[in-house]
Amino acid sequence: MDTSTEGAAQAHSGGTAGTRTDPSVVAEPTTATAVTAATATAVAAEPVVIPPTSLSPSRAGDFMQCPLLYRFRVIDRLPEKPSEAATRGTLVHAVLERLFDAPAQERTAPRAKSLISGQWQRLRQTRPEVEELFADDPDGERLARWLGEAEQLVERWFTLEDPSRLEPTERELFVEAELESGLRLRGIIDRVDVAPTGEVRIVDYKTGKAPRPEYAEGALFQMKFYALVVWRLKKVVPRRLQLVYLGSGDVLTYDPVLADLERVERKLLALWEAIRRATETGDWRPRPTKLCGWCDHQAVCPEFGGTPPPYPLPVRGVGSGDSEQGRMGPD
């Protein structure tokens, strides 16, 4: 699972948008006495919008999918409604993480399913916005069906892996590395297994279905990103990358070599350069695809007749070398 980790100034994916400082509040007063206590408090409470400082797999994917989506999420930080699918994924991930707190012999499917209710209550407390999902479900029928689907995903995991034979070295591991270029890479790895011989396996749970073979490379991008960070941190190339698809009951594995990670690093550096140019020029271009139908930001997207909010960062003119910015796509 990749939770965006852009730092305090760059909130998690789908987080609440930051309120920009109103220029009229700070431009007029020229003396300290001209600023009232109320105004000073309001200004202090408003978060400062800063350029992106790091890259996660999710945000890299956003920019490759649509540069304007990246801007809406990372710079404007526009709010997004929680979805049933994404929230179910968060719930299932929490259950699979917590199951390893139990002794090996107690890591059974019934025990895992019994954790769902408690983890759902915990999610409601930590992320109150998920209450919106079932606000129009007074009888609880849709919620019960949704929780039942989460149970099915958890139960299917036991047909793919045997947790009684696994002792993860890390769960929900936050990783961060700075490349020689100064680019910081961040992410959260679902599970890290280390063999007695020292070989490392990176595991990621997916609650959707496995992609068709022609799209497998895109699915592996996130895993190679993690492998690159681990290599930069530990000087060890992970032996195996493993994607566990609970929606379809498939397991996708890939054994990377150093050349794979070097290619990913070059790609990320090129991607970051495109992001840097877009940040400086304010030139964020939408890239229409069939995924637009699921986007929360159609009302402010030019492709749907909308107007983006005023750009909150200073800009410079677009130079001749910037004409192709925003067109970076997958390999």
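# Reading cavities and charged pairs

Q: Into which classes do the residues lining the largest cavity divide, and how many are nonpolar, polar and charged?

A: In this predicted model, the lining of the largest cavity is made up of 10 nonpolar residues, four polar ones and two charged ones.

Q: How does one find such empty space, and how many cavities of 30 Å³ or more are counted here?

A: The general idea is that a probe the size of a water molecule is rolled over the atoms, and this shows where empty space is left. In this structure, the count comes to three cavities of 30 Å³ or more.

Q: What is the volume of the largest cavity, and which residues lie closest to its centre?

A: The volume of the largest cavity is about 140 Å³. Its lining comprises 16 residues, of which Cys 66, Leu 69, Cys 292, Cys 295 and Cys 301 are the closest to the centre. Helix 4, spanning residues 67–75, supplies the largest share of this lining, namely three residues.

Q: How should one read a salt bridge, and how many does the structure hold?

A: Side chains of opposite charge can pair when their charged atoms come close. The structure holds 31 salt bridges. One of them joins the side chains of Arg 73 and Glu 80, with 2.7 Å from N to O. Arg 73 has a relative accessible area of 22% and is therefore partly exposed, since the value is not under 20%.

Q: Which residue pairs with Glu 131, and are the two partners buried or partly exposed?

A: Glu 131 meets Arg 124 in a salt bridge between their side chains, again given as 2.7 Å from N to O. Glu 131 is partly exposed at 36% relative accessible area, and Arg 124 is likewise partly exposed at 28%.

Q: Is Lys 224 buried or exposed, and what is its salt-bridge partner?

A: Lys 224 counts as buried because its relative accessibility is 7%, which is under 20%. Its partner is Glu 217, and the closest N and O atoms of the pair are 2.8 Å apart. Glu 217, by contrast, is partly exposed at 45%. Elsewhere, salt bridges with shared partners link Glu 273, Arg 276, Arg 277, Glu 280 and Arg 316 into one network.

Q: Where is Arg 186 found, and with which side chain does it make a polar contact?

A: Arg 186 belongs to strand 3, which covers residues 184–194. Its relative accessible area is 11%, so Arg 186 is buried. The side chain of Arg 186 makes a polar contact with that of Glu 176, at 2.6 Å.

Methods: Residues are numbered from 1 along each chain as its sequence is written. This is a predicted model: local features need pLDDT of at least 70, side-chain atom pairs count only at pLDDT 80 or more; totals for chains, interfaces and linings use all residues. Side-chain values use heavy atoms; hydrogens and water are left out. On a 1 Å grid over the protein atoms alone, a cavity is a set of points where a 1.4 Å probe fits but cannot get out, and a pocket is an open set with protein on both sides within 12 Å along at least five of seven lines; lining residues have an atom within 4 Å of a point. Grid points are joined across faces, edges and corners, and a volume is the space filled by probe spheres set on the points. Helices (H or I, at least four residues) and strands (E, at least two) are DSSP runs, numbered from the N terminus. Ala, Val, Leu, Ile, Met, Phe, Trp, Tyr, Cys and Pro count as nonpolar, Asp, Glu, Lys and Arg as charged, and the others, Gly among them, as polar. A salt bridge is a side-chain nitrogen of Lys or Arg within 4 Å of a carboxyl oxygen of Asp or Glu. Buried means under 20% relative accessible area, exposed over 50%, partly exposed in between (1.4 Å probe, protein chains only). A polar contact is a pair of N or O atoms within 3.5 Å; within protein, one must be able to donate a hydrogen and the other to accept it, and residues adjacent in sequence count only if both atoms are side-chain atoms.
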